[in-house]
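Me: I've got a protein model open and I'm a bit lost. Could you walk me through how to read its strands and helices?

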Amino acid sequence: MATAEKPVMVVGIDESDHSSYALQWTLDRFFAAYAPNFPFKLILVHAKPTPTSAVGLAGPGAAEVLPFVDSDLRRIAARVVEKAKEVCASKSVNDVLVEVMEGDARNVLCETVEKHHASVLVVGSHGYGAIKRRRSNPTMATAEKPVMVLGFDHGEQSDYALEWTLDHFFVPFAPNFPFQLVIVHAIHISHPFIKQLGPAVAKERAFEMSAERVLDKTQQIFVTKSVKDVVVEVIEGEAHNVLCQTVEKHHASMLVVGNNGYGYGAIKRLFWRGVSDYCAQHAKCSVMTNTFGAGRKAVSVRVSGDKAAFYNCRILSYQDTLLDDSGRHYFNNCYIEGAVDFIFGSAASLFEKCHVHSLSERDGAITAHRRDSSAEKTGFIFLGGKISGDGGCFLGRPWGSFSRVVFAYTYMSNLIIPQGWNDWGDQSTHSTVYYGEYKCYGPGANRSKRVGWSQNQEEEEEEEEDHLTIMDTSEKPIMVVGFDEGQNSCYALEWTLDRFFLPYAPNFPFNLILVHAMRSPSSSLNLISPTEAEVLRSIERDLRRIAEQIVGKAKKICATKKMKEFSMDVIEGNPRNILCEAVEKNHASVLVVGAHHYGPIKRVVLESVSDYCFHHAQCSVIIVKQPKINPKGFILHT
C-alpha cells in the first residue's frame, strides 16, 4: 500500500441488501463515471463473525459445534466476496482488493482504515429508527400502531390538550386504542418553573422536581380516563426542538401540543416564539383525514396563512379535500386524495413530488383554482409528482375566469380524460385561463386530443429555452454542505471542493448549496421576558453580523478554489434540523458536514450535529474529519 499514490477508499461489505446498495452507489459515483482513471484505490472489507459470537456457545460441548459454525461462516464470507466481485465487474471496476477479517464489524472497519491510511470509509445504513438503534424502549419497538406524540408541561393549556386528546382519540375506543401515545416533557433552564425555584436549588434537582410534577399530573389524568400503556419521556432541551425531534425519533403520525400562544399579541408571540406555532411549521408528522365520504363537500384541510409548508403529509377526503385558500404555500412529498375539485382555492402554491390520487369514477376534476383577475399573482404548480386512479378525471376546471394551473415533469396515468381540461360550461374562459403542461409523461400525458385552449409549453420556443435553463441544472444531483465559523467547517468545504468540484471543472458532477444555520436570539440568551425586547434586537444584530462574516468566509474559500457555481442559504434555527430540512427541501443526494473531535461523553451531552445528521438526513452523509497530523480520514454513510 505504501506505493499507492491514489487515496484509499474502504467499503464495508456483508450479505445485506443495504451493503449491496452502498457498493453500487459508490461504484456509480466514484468509479464508473471516471473510468479508467479512478480517483481512489478501492478496498472491500468483509468482517466475518467469530463462531462464538455467531451462536453464543460456551462450556462443555461447544468445541464440537463451533467447527461446523465456522465452516458456515466461511461459506457465507465466500458468497459475500463473490457477490461483491460480480457487482464490481458489472461496473467495469476490476482493480479491487478484497479482504476478509474475523471480528466485530465495527472494529474491523476502523482497523482497516488505520492499516491502509484510508481517506474514505463507506458503510451501508440499515435505516434503523432511533428506538431499534439504541435497543431501548421495548414498548415502542414492538408497537405496530401509529404513534401520537403529545407535548406536556405545567400549564393549564397542556392539561386541557391531554384531556381533550384522551377524550377524542382514546376513551371512545377503549381498550383498542388507535394510537400508541408518547407523552413528552421538555426541561430547559429557561422554563418558568425552573426559574421560580431559584439558584438555591441545583439544576439537576430542579429538573428532577419538574419531571416528578409532570409524571404525577399525567398519572392522575390517565387514571381518571382509564388509559394505560402510555410512554412518558422527559428530555432536556427547548420544547419546540424536543417535540419535533421526538416526532422524527418515533416516526410519529400525529403531534398534539397545547396552544401556549393563546391570548398572545403579535409582539409577544414574536419574541416568545410559541411552541405550537413552531411545531405547526416544522413537525413532519401530520396525518390529516376527513372520512365523510362521497356525496357532499368535506374539506379536510384549509390553508389561509402565508408561507405555510407541508412535508410528507396525507390529506384525504372525497370532494373539496384541500382548500388552498390564500397565501403562498409549499407541499413536498404529500399524498392528496379526492374525487371532485379536491385541490381548490385562490393560493399561489407549489406541489413538489406529490402523489395526487383521484377517486373519481367518470368526470371529476383534480384542481379548481380561483383567480378573478390577470393581476393576481397566484396559481397551482405541480412539479415532479404523479397522478393515479382508476376512473376518469380532468386535470382541472376554472373557479374564476383567470384560473391558472401548470403540471410539469408529472407522471399521468390513463385516469386523465383525453381532453385534459374542463371549462365548467363557460366558453368565455378559454381566452383568459392558463392551463399548461410541460414534459409530462405516462399514458395520461398524451396531448393529441387536448382542448385547444390549453398550453403545451414545449411548443413555445422561448419559454422552452427558459425552462430548460432552469430544469437542466436540477438534473444534476444536489450536494448540501453545512458551514459555520469553525475550522472544521472550513476544512470540510475545502476538502469537498478539492475532491468533488475542482478536478471536474467546468462540468461539475453536483449542484452545490452551502447552508449556514444562524442561532435565534432567544436561544442564544435563553430570555423569556418580553421586557428584554431591546436586548434581543441587539443580539439579533450581532448574530446577523456574524452570519454575514461566515457567508463572506465561505465565498472567499470558493473564490480561492475558483468555484463560482454555488448558492448559499442562511436559515435561523438549530443546525441539526436546518441541515436535515435543507436536504429534504432540495432533494439532495449528499450532505457534507465537518466533524468536531468530541469524545463519547461530550458528544452525547452536546448532541453532535454530525451524529444527528448521520442518523436522520434522508441522503448519503459525508462526515469530514480535520486531521491533527495528516489530511486523511472521514466517513461516508449511504
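Reply: Sure! Let's begin with pairing: two strands pair if DSSP finds at least two bridges between them. Keep in mind that this is a predicted model.

Me: Okay, so how many bridges join strand 28 to strand 29?

Reply: Seven, and the two strands run parallel. To spot the pairing, look at Leu512, whose bridge partner in strand 29 is Phe566.

Me: And how does strand 27 pair with strand 28?

Reply: In the parallel sense too, over five bridges. Here you can look for Val480, which stands opposite Ile513 in strand 28. There's also a helix in the story: strand 27, helix 14 (residues 487–500) and strand 28 make a right-handed β-α-β unit.

Me: Is strand 28 largely enclosed or open?

Reply: Buried means under 20% relative accessible area. Seven of the eight residues in strand 28 (residues 511–518) are buried, so the rest of the structure largely encloses this strand.

Me: Now helices. Which residues of helix 19 are buried?

Reply: First the general idea: an α-helix has 3.6 residues a turn, so residues three or four places apart point the same way. In helix 19 (residues 609–616), the buried ones are Ser610, Tyr612, Cys613 and His616. Looking down the axis of helix 19, you'd find its buried residues within an arc of 160 degrees, so they line one face of the helix.

Me: What about cysteines: how many disulfides does the structure hold?

Reply: Zero. You can still check how hidden a cysteine is: Cys88 is buried, at a relative accessible area of 3%, and Cys244 is buried at 7%.

Note on methods. Residues are numbered from 1 along each chain as its sequence is written. This is a predicted model: local features need pLDDT of at least 70, side-chain atom pairs count only at pLDDT 80 or more; totals for chains, interfaces and linings use all residues. Side-chain values use heavy atoms; hydrogens and water are left out. A disulfide is a pair of cysteine sulfur atoms within 2.5 Å. Buried means under 20% relative accessible area, exposed over 50%, partly exposed in between (1.4 Å probe, protein chains only). Helices (H or I, at least four residues) and strands (E, at least two) are DSSP runs, numbered from the N terminus. The arc is that of the directions from the helix axis to the C-beta atoms. A crossover is right-handed if, with the strands pointing away from the viewer, the path from the first strand over the helix to the second runs clockwise.
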